Amino acid sequence: ARAAGAVLAIVEQDVPPPKVAGQGGLALLRVESSVAALQALARHWRERLRDAGCRVVGVCGSNGKTTTRHLIHHVLSYAGLRGSQSPKSFNNHLGVPLTLLAAPAGDDFLVAEVGTNHPGEIASLSAIVRPDIAVITSIGEEHLEFFEDLTGVAREESAVLEHILDGGTAILLTEARLPVQLTIPTEPAFSILRFDLDPISAALPLPGEHNRLNASAASAVARCFGVAEARIANAWPAAGHAPMRGELIGADDPRRPTVINDAYNANPTSMRAALKVLADHPAPRIAVLGDMLELGQVTESAHRDIAALAAQTAERCVLIGPRFAAAAAELALDPQAVSAHARWSDELPAQIATGLTAETTLLLKGSRGMALERLLPVLEARFGQAADQD
């Protein structure tokens with residue numbers, strides 16, 4: 001750290017200061033918890049951001065957080081506002097304070113993604129973010145091993161509402177789109193703005209209704225910043241995707257198969273949305289699905305339901321992981337159309353690539369721990385070479 005230019009290190013233990021040739025010393029500040037110190041610094045910097053007029057948008061929800069955060073940043077930047085957003089998926093106890101601390105005080109906005117996988121995390125992180133505008137993108141079947149059911153998920157995601165600054169805004173799905181209702185303070189000191197599919201997002205190039213909903217939420221945020229309707233509408237045709245969230249690869253190259261790379265994470269709700277996107281593509285379709293993790297008591301039933309839906313959606317399914325393998329065996333799915341693999345092997349990518357043609361649409365979807373993007377280099381090697389030869 002000193003060699004990289006640091007002048008102070010916050011540490012939890014007594015350690016000797018490093019000596020770097022040709023450089024000055026390194027100050028050490030010992031604290032009981034370096035994580036707590038990081039978060040305290042972020043809380044202080046949040047006050048500096050507020051004093052400087054930088055408005056903070058907090059993005060929570062079971063699905064669509066990263067895409068919505070990305071789209072909010074896009075539409076506000078397109079409108080000429082200056083701001084930053086969480087890098088990658090910096091949405092936990094380390095990523096959230098690092099996001100805040102990286103934000104310049106002179107910016108117009110900061111979009112901070114706030115995630116959770118255990119009860120109480122949204123409340124803890126929202127107390128640091130203290131958003132001017134809070135977006136809850138969706139309520140779905142996430143981390144049910146810890147939240148138990150959708151009511152527990154809604155309770156957790158609703159915790160952000162307790163930390164909106166007075167006079168701020170909560171942007172929430174219409175009640176008809178929520179499987180269970182959110183917990184809203186009895187006398188909120190903020191306004192509530194509901195969103196649904198917004199015609200203004202019709203030109204969004206990202207696939208699927210769920211992405212149009214994400215853009216609709218982003219449009220609502222833009223209106224809170226006073227962005228004109230025409231400017232919002234003009235922003236959407238130029239919107240890109242967040243990496244590995246519905247990313248279309250090869251769609252504009254007739255010599256390659258189309259890959260829907262949605263491999264960053266998965267739960268039953270997002271799996272159904274991804275399969276719906278796959279169903280909109282012409283045959284032949286291949287669904288490569290990896291296990292959904294942290295589902296608790298619904299693990300078996302959720303994998304059975306998704307395996308059955310995938311078999312109905314795609315002409316060929318490749319199910320990877322012990323949970324999907326068990327589901328495929330229990331359902332007695334057609335082995336000619338569905339292959340199940342209890343664990344990943346180095347030979348699997350080549351097996352999956354066998355039989356692919358330029359007309360194929362292939363979906364990659366699984367929890368982060370499954371790392372299904374490992375298939376991509378094999379496809380690139382095979383079809384990239386074919387394209388080069390042509």
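**Side-chain contacts in the predicted model**

Arg368 sits over the face of Tyr264, with 4.9 Å between it and the ring centre. The model is a predicted one, and its side chains make a handy way in. Tyr264 has a second charged visitor too: Arg245 also lies over the face of this ring, at 3.7 Å from the ring centre.

Next come rings meeting rings. The count here is one aromatic pair. Its partners are Phe109 and Phe225, whose ring centres are 6.3 Å apart; since their planes meet at 80°, and an angle over 60 degrees is what it takes, the pair counts as edge-to-face. This pair links distant parts of the chain, 116 residues apart. Phe109 belongs to strand S5 (residues 109-113), while Phe225 is found in the loop between helix H7 (209-224) and helix H8 (229-235). How much of each ring residue is left accessible? For Phe109 the relative accessible area is 0%, so it is buried. Phe225 comes out at 15%, and because the cut-off for buried is under 20%, it is buried as well.

Now for the greasy side of things. The largest nonpolar core holds 62 residues, and those touching the most other members are Val57, Ile72, Leu76, Val221 and Trp236. Helix H7 supplies the largest share of this core, with seven residues. Take Val221 and look at its neighbours: leaving aside residues up to four places away in sequence, it touches Val57, Ile72, Leu76, Ile133, Val135 and Ile171. Another core lies apart from this one; it has 24 residues, including Leu295, Ala310, Leu319 and Ala327.

Charged side chains are the last topic. Side chains of opposite charge can pair when their charged atoms come close. In this model the count comes to 20 salt bridges. One of them joins Arg69 to Glu113, with the closest N and O atoms 3.0 Å apart. Arg69 is part of helix H2 (residues 65-78) and Glu113 part of strand S5, so this bridge links distant parts of the chain, 44 residues apart. Are these two residues buried or exposed? Both Arg69 and Glu113 are buried.

Glu209 and Arg177 form another salt bridge, at 3.3 Å from N to O. Here, too, distant parts of the chain are linked: Glu209 is in helix H7, and Arg177 is in the loop between strand S7 (169-173) and strand S8 (191-195), 32 residues apart. With a relative accessibility of 35%, Glu209 counts as partly exposed. Arg177, at 31%, is partly exposed too.

A third example pairs Arg323 with Asp291, and their closest N and O atoms are 3.1 Å apart. Because Arg323 lies in helix H11 (residues 322-331) and Asp291 in the loop between strand S11 (285-290) and helix H10 (299-313), this bridge ties together parts that are 32 residues apart in sequence. The two partners make quite a contrast: Arg323 is partly exposed at 36% relative accessibility, whereas Asp291, at 0%, is buried.

Some salt bridges join up into something bigger than a pair. Asp253, Arg255, Arg256 and Glu380 are linked in a network of such bridges.

Technical notes
Residues numbered from 1 in each chain as written. Predicted model: local features only at pLDDT ≥ 70, side-chain atom pairs only at ≥ 80, totals over all residues. Heavy atoms only, no water. Phe/Tyr/Trp six-rings, centres within 6.5 Å; stacked < 30°, edge-to-face > 60°. Helix = DSSP H or I, 4+ residues; strand = E, 2+ residues; numbered from the N terminus. Buried < 20%, exposed > 50% of the residue type's maximum accessible area, 1.4 Å probe, protein only. Lys NZ or Arg CZ within 6 Å of the ring centre and 35° of its normal. Core = buried A, V, L, I, M, F, W, Y, C linked by side-chain atoms within 4.5 Å. Contact = heavy atoms within 4.5 Å. Salt bridge = Lys/Arg side-chain N within 4 Å of Asp/Glu carboxyl O.
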